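User: I have a chain open in the viewer and would like to talk through its fold. Could we begin with the overall layout and then look at one strand?
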Amino acid sequence: MSRSEHLLLPRQLYQAMVNHAQAEAPNECCGLLAGTIEGPVLRVEKSHPLVNEAASAVEYRSEPRSMFRAMKDMRTLGHEIVAIYHSHPISEPIPSRTDLERNYSPDVVNFIIGLQGAVPNVRGWWLLESGFEEAAWEIVEPLADSRRVTKEGNLATE
Ligand SMILES: [Zn+2]
């Protein structure tokens, strides 16, 4: 399976992820970004904040019921996991040794929201067996993307 090359993240979902990180501080937050895979492009359609049952400033463990709800919603909408995220309230947004050991999948982008500075610093990573590398991603403005508006219209009628 070839790895995707680029992730598109609608601005309001980017903002929801940052807001979640700030709301959970000083503990770490965690969550999923669900969406579709179109060839080399990962397109985020929905964010699923999860409960960090570790309730810790230095690690996260997704609480099973919140994970189950997210997976059920994804099945209904035909979404796949395209990214996971968590925060680093007191350290750089760079994968820790624990993050590398717990690597969920080499095929999803791992966002880390760093909260140590004056403004949140979000970075996306591919976690590999041999280490990690920065992922290519960008924030998209929903109204500039007509395909997304169509998709939202479809979802609204369900
Ligand atoms: Zn981490």
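**Strand S3 and its neighbours**

Analyst: Nine bridges connect strand S2 (residues 30-38) with S3, and the two run antiparallel. Please bear in mind that this is a predicted model.

User: What lies between S2 and S3?

Analyst: The two strands form a hairpin with two residues between them. In that turn, Gly39 has a positive phi of about 60°. Beside the turn, Glu38 stands opposite Val41 in S3.

User: Which way does S1 run relative to S3, parallel or antiparallel?

Analyst: Strand S1 (residues 6-10) and S3 run parallel, joined by three bridges. Within this pairing, Leu7 has Leu42 of S3 as its bridge partner. S3 is thus paired with S1 as well as with S2.

User: How many residues of S3 are buried?

Analyst: Seven of the 10 residues in S3 (residues 41-50) are buried, so the strand is mostly covered, where buried means 20 or more other C-beta atoms within 10 Å. For the protein chain, 32% of the 158 residues count as buried.

User: Changing topic: what is the order of elements along the chain?

Analyst: Starting at the N terminus, the order is β-α-β-β-α-β-α-β-β-β-β-α. That comprises four helices and eight strands.

User: And what share of the contacts joins residues at least 24 apart?

Analyst: The share is 66%, counted among contacts between residues at least 6 apart in sequence.

Methods
Residues numbered from 1 in each chain as written. Predicted model: local features only at pLDDT ≥ 70, side-chain atom pairs only at ≥ 80, totals over all residues. Buried ≥ 20, exposed ≤ 12 C-beta atoms within 10 Å, placed from the backbone. Pairing = 2+ DSSP bridges. Contact = placed C-beta atoms within 7 Å.
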